[in-house]
Amino acid sequence: KIMAQPHASTADIRLSFTPAARDSLLVPGGHADYMLHHLGIKTLNIHHNDPLYATRAPLESKRAHVMVDALYASIDRLLARGDFANAVVQLDRAVALGSMRARVELADIMCSGRVGVPQNVDMACALLNDEAARINPDCMGLRAFLQLRRICPMDEIADILVETDLDGLDETDVRTIQYMHAKNYAITSARSGSKYGQFALGSFDEESKNPNSIMNFERAAAHNYFRAQTALGCKWYHRPGPTEASLAEARRLFTLAAEQGYPLAMHNLGVMCFFKVREDD
């Protein structure tokens with residue numbers, strides 16, 4: 001019943017999770033405070049010693065799991081009908097309850113420019129780059145892809161080489177080390193079966209012209225992942241000597257991704273339709 005209540009405004013979405021706002025997650029009226037109070041979890045000063053505890057503590061409650069499941073029933077319906085603005089609001093509430101699934105899905109939406117949701121790259125990177133997200137396979141996979149595309153900054157070199165002498169490393173050396181570190185994220189994530197890791201690893205392989213990119217894109221696309229569907233559709237569309245069958249497969253993949261509100265897939269589908277019309281004329 002609580003989740004069915006309309007949000008105050010979907011035109012101006014103000015999400016609760018930013019690094020600077022962790023200490024304010026429990027202010028009166030905030031999503032986290034509202035949920036924790038409803039679940040009967042005492043919140044007095046629990047965030048003063050460890051701000052991140054405020055987002056992790058609720059998952060210790062079975063009732064919190066039930067609440068997250070209820071949120072996802074709503075989120076899935078909103079996504080199915082293309083209401084991404086309200087889906088983002090519900091995902092933010094699930095993040096406040098400590099859901100890692102919501103965290104990575106919210107980050108993905110915030111940086112992919114889904115219909116009706118303004119891009120917020122800074123928030124997407126913040127969601128993927130704290131202590132909890134760094135060890136989550138899905139977050140690792142998405143972060144690796146965003147680092148490859150330079151959407152999110154690479155990890156600091158000092159964090160990667162804690163006990164290594166950095167003297168003598170030039171900018172190219174640093175970039176190479178960061179690149180390989182991000183690729184290791186993708187490999188670890190993909191091995192866990194994460195669609196984000198599979199897609200990220202496919203993107204790394206594609207950049208190095210490794211034919212395994214198609215296999216990894218196919219694995220991620222099998223999970224109905226819109227980025228992988230679009231990338232695989234491009235493979236079919238731009239293959240040498242396209243046939244009616246290959247063009248039909250590209251159109252099918254672009255359509256699946258476009259139905260999930262992904263602008264790049266919509267653009268590619270529009271291009272295919274445009275040239276099809278010109279050929280018919």
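Rings of Phe, Tyr and Trp (its six-membered ring) count as a pair if their centres lie within 6.5 Å. The exercises below apply this criterion and others to a predicted model.

**Exercise 1. The ring cluster**

Task: State which residues ring pairs link into a cluster, and classify the pair formed by Phe226 and Tyr262.

Solution. Step 1: the cluster joined by ring pairs consists of Phe145, Tyr196, Phe199, Phe217, Tyr225, Phe226 and Tyr262.
Step 2: for Phe226 and Tyr262, the ring centres are 4.8 Å apart and the planes make an angle of 65°. Planes over 60 degrees apart count as edge-to-face, so the pair of Phe226 and Tyr262 is edge-to-face.
Step 3: this pair links distant parts of the chain, as Phe226 belongs to helix α14 (residues 226–237) and Tyr262 to the loop between α15 (244–258) and α16 (263–280), 36 residues apart.
Step 4: buried means under 20% relative accessible area. Phe226, at 4%, is therefore buried, and Tyr262, at 9%, is therefore buried.

**Exercise 2. A pair between two helices**

Task: Determine how many aromatic pairs the whole structure holds, and describe the geometry of the pair Tyr179 and Phe204.

Solution. Step 1: a search of the whole structure gives 7 aromatic pairs.
Step 2: Tyr179 and Phe204 form an edge-to-face pair, with 5.2 Å from centre to centre and 70° between the planes.
Step 3: Tyr179 lies in helix α11 and Phe204 in helix α12 (residues 195–207); the two are 25 residues apart, and their pair links distant parts of the chain.
Step 4: Tyr179 and Phe204 are both buried.

**Exercise 3. Two residues in helices**

Task: Decide whether Gln147 is buried or exposed, and assign Thr188 to an accessibility class.

Solution. Step 1: Gln147 is located in helix α9 (residues 137–148). Its relative accessible area is 1%, so Gln147 is buried.
Step 2: leaving aside neighbours within four places in sequence, Gln147 is in contact with Cys152, Pro153, Met154, Asp155, Arg175, Ala182 and Tyr185.
Step 3: Thr188 is part of helix α11 (residues 171–191). Because its relative accessibility is 44%, Thr188 counts as partly exposed.
Step 4: the C-alpha atoms of Thr188 and Gly141 are separated by 8.0 Å, although their positions lie 47 residues apart along the chain as a separation in sequence.

**Exercise 4. Charges over rings**

Task: Identify which ring the charged end of Arg101 sits over, and which ring Arg143 lies over.

Solution. Step 1: the charged end of Arg101 is placed over the ring of Tyr72, 3.7 Å from the ring centre.
Step 2: Arg143 lies over the face of Tyr185, at 4.4 Å from the ring centre.

Technical notes
Residues are numbered from 1 along each chain as its sequence is written. This is a predicted model: local features need pLDDT of at least 70, side-chain atom pairs count only at pLDDT 80 or more; totals for chains, interfaces and linings use all residues. Side-chain values use heavy atoms; hydrogens and water are left out. Helices (H or I, at least four residues) and strands (E, at least two) are DSSP runs, numbered from the N terminus. Buried means under 20% relative accessible area, exposed over 50%, partly exposed in between (1.4 Å probe, protein chains only). Contact means heavy atoms within 4.5 Å. Rings of Phe, Tyr and Trp (its six-membered ring) pair if their centres lie within 6.5 Å; planes under 30 degrees apart count as stacked, over 60 as edge-to-face and the rest as tilted. A charge sits over a ring if NZ of Lys or CZ of Arg is within 6 Å of the ring centre and within 35 degrees of the ring normal.
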